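Notebook open, coffee at hand. Today I wanted to look up the ligand contacts, the enclosed space and the domain layout.

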Amino acid sequence: MVVEEITLIGISASPGIGIGDLNSTKYRDTFIVCHYEIAKEAIPAELDRFHEALNVAKDYYVHLSQKIGTISGQEEAKIFEAHHLMLQDPGLIGGVAQFIEKDQCNAEFAFLSVMKKYIAAISSIDDPYMKERQMDLNDVTNRVLESFTLEASSLKQKPESTSEHLLLAKDLTPSDTANMDRDTVKGFATEKGSYTSHTAILARSLGIPAVVGVADLLDKATESTVAIIDGYEGKVIINPTEATIASYQELIEKKKKIYDAACGLKDFDAVTQDGKKIELLANAEFDHEIPGILDVGVKGIGLFRTEFFLLNPMLMPNEDEQFKLYKKFAEQFEDGVTIRTLDAGGDKLPAETLEAPEPNPFLGWRGIRVSLTRRKWFRSQLKAILRASAFGKVSVMFPMISGVREVDSALAILENCKEALDAEGVEYDKDLKVGCMIEVPSAVLLADHLADKVDFFSIGTNDLIQYTVAVDRINPLVANLYDSSHPGVIKLMDMVVQSARKKEVTTSVCGELAGDINLTPLLLGLGVNELSMSAIQVPLVKKAICSLNYGKCRELALECLKMPYSSDIYDKSRKMAAANYREIL
Ligand code: PEP
Ligand code: MG
């Protein structure tokens with residue numbers, strides 16, 4: 001029988017390619033426990049059983065937190081501290097004890113009954129973030145139920161498959177992911193999940209290729225067949241033909257060779273053939289990324305997205321905790337760190353659970369709009385940033401600026417924070433540089449005025465594209481219209497650079513476009529001074545810059561600015577890229 005090759009499309013959650021045997025598992029979202037009555041005298045013993053099970057599960061999360069802390073850093077470890085905290089919740093413990101006493105029933109049943117109420121309450125909220133919290137509750141429920149029958153030591157050493165494989169699942173909890181053995185799990189794919197889920201975050205930090213949100217995944221895949229997980233393109237290929245496997249193996253080899261060769265430039269600056277230097281910086285979200293960033297020779301952070309760290313519901317970091325993290329970055333990066341203030345909302349986590357979902361979150365309460373209405377938060381973040389500036393080169397940047405008034409207000413609050421620190425006698429960099437993201441078309445049109453207020457601009461192309469061409473950056477139905485080389489977008493970027501130049505303001509690009517080597521000739525030609533991207537992209541972009549001639553890029557950009565079609569602009573830039581560094585494209 002010929003088995004057909006099937007390609008399933010999902011969301012790319014973690015880059016890389018995994019090829020191997022499949023191991024499918026359905027996530028245990030149905031809990032089965034027996035229910036039996038107990039004698040009144042047996043209640044204290046039943047309560048003891050419950051507390052013992054809780055302790056075993058707590059130990060399990062401590063163990064997991066330590067394991068993931070060592071591999072990925074303290075930020076990821078905190079995910080399991082949250083699970084640990086749930087198990088200490090007095091409402092939960094008291095509720096279960098009451099249930100056992102009132103119904104005179106076994107502890108597993110009482111525990112599950114109470115947890116089901118929590119799960120039902122949270123699942124009635126139609127919010128992707130809350131869906132993630134439901135996963136956490138499922139996880140905790142499973143662990144405690146398992147703990148009734150297992151000793152702590154056996155939970156810690158759950159048998160793992162020792163041969164290399166790919167994992168397919170309906171969904172995975174963060175602890176399932178954290179428990180994966182990187183040496184044997186060569187990739188995973190799930191039916192549920194989103195790019196911002198903890199599971200996806202952990203996959204990236206563990207370096208496991210992953211694709212999430214693949215519809216009908218488990219129905220299409222049968223156990224022990226071979227598959228390919230393509231974390232670059234968000235594809236799962238079931239029963240690949242020998243030819244497909246061979247082409248992917250070739251691709252893996254090719255990507256590795258190209259990358260290793262580009263890493264040879266690690267200790268050199270990104271300078272074009274005719275001597276124009278471009279600053280290459282990294283985007284970062286977590287401190288565990290620091291070693292990987294330093295490894296590729298990057299000495300500065302062009303965009304530190306703080307929302308992932310700040311919006312952890314169980315552990316909202318206070319000013320001191322923020323200060324410690326920002327200081328760590330400041331001390332590690334000699335070329336500096338640009339810390340972006342909270343950019344909640346839109347496609348990211350909401351700042352707060354809203355009573356009614358926003359009709360248009362991308363046009364709603366996000367970015368600087370949140371900070372200017374939650375000033376206490378904003379002040380604590382600004383003070384933490386200022387304090388960190390005494391320990392290295394730090395700058396601050398405001399997201400989603402749409403008008404000059406927002407910058408005025410943000411600067412006034414910054415001044416106010418400086419005064420508070422002066423009064424407390426706390427040190428900070430009096431010359432702290434301030435910038436704003438240019439990611440809303442109105443900010444481009446006002447760039448002349450904004451340039452009077454700030455020291456640098458950072459073009460957020462991810463949002464600038466979506467707001468310019470009115471295309472939701474995460475909606476697959478209009479993904480073909482989300483166009484990086486749209487002539488309207490290119491014109492706006494040119495306007496930003498021109499306005500910045502007149503006032504000696506530097507211009508950086510920190511959206512995904514910065515890492516697209518097909519468009520590096522165009523970006524250089526437009527005159528941007530800095531590019532900031534995920535660390536993994538830096539070696540190839542550096543290679544591209546070092547192969548180009550700035551004068552020729554400038555001529556190319558001037559021609560592109562006259563072109564009406566995106567495809568022509570793209571082709572022109574791609575042609576120059578191919579002529580100068582075909583081998584890495
Ligand atoms: C952008 O919009 O390009 C950007 C860098 O910000 P974010 O992707 O975090 O919205
Ligand atoms: Mg943005």
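I began with the backbone at Gly-460: one of its N or O atoms lies 3.4 Å from an oxygen atom of ligand 1. I kept in mind that this is a predicted model.

Next I turned to side chains. Glu-439 has a side-chain N or O atom 3.0 Å from an oxygen atom of ligand 1. For Asp-463 I noted a polar side-chain atom, 3.0 Å from an oxygen atom of ligand 1. I then looked up the cover: on its own ligand 1 has 280 Å² of accessible area, and the protein covers 99% of that.

Which residues come nearest to ligand 1? I found 15 residues around the ligand, and I wrote down Arg-305, Arg-340, Gly-460, Asn-462 and Arg-473 as the nearest.

Then I went looking for enclosed space in the protein. I noted three cavities of 30 Å³ or more, and the largest holds about 80 Å³ of space. Its lining has 13 residues, with Arg-305, Arg-340, Met-437, Glu-439 and Asn-462 closest to the centre. Strand S11 (300–305) and helix H19 (461–469) are the elements that give two or more residues to this lining. I sorted the lining residues of the largest cavity by type and got seven charged, three polar and three nonpolar.

Last, I checked the domains. The assignment gives me domain 1 (6–27 + 157–240), domain 2 (40–153) and domain 3 (267–445 + 457–468 + 507–548). How far apart do the C-alpha centres of domain 1 and domain 3 lie? I have 31 Å in my notes for that pair.

Key
Residues are numbered from 1 along each chain as its sequence is written. Chains are lettered from A and ligands numbered from 1 in the order in which they are written. This is a predicted model: local features need pLDDT of at least 70, side-chain atom pairs count only at pLDDT 80 or more; totals for chains, interfaces and linings use all residues. Side-chain values use heavy atoms; hydrogens and water are left out. Domain bounds come from an automatic or database domain assignment. On a 1 Å grid over the protein atoms alone, a cavity is a set of points where a 1.4 Å probe fits but cannot get out, and a pocket is an open set with protein on both sides within 12 Å along at least five of seven lines; lining residues have an atom within 4 Å of a point. Grid points are joined across faces, edges and corners, and a volume is the space filled by probe spheres set on the points. Helices (H or I, at least four residues) and strands (E, at least two) are DSSP runs, numbered from the N terminus. Ala, Val, Leu, Ile, Met, Phe, Trp, Tyr, Cys and Pro count as nonpolar, Asp, Glu, Lys and Arg as charged, and the others, Gly among them, as polar. A residue is near a molecule or strand if one of its heavy atoms lies within 4 Å of it. A polar contact is a pair of N or O atoms within 3.5 Å; within protein, one must be able to donate a hydrogen and the other to accept it, and residues adjacent in sequence count only if both atoms are side-chain atoms. Accessible areas come from the Shrake-Rupley method with a 1.4 Å probe; for residues, only the protein chains shown count as cover.
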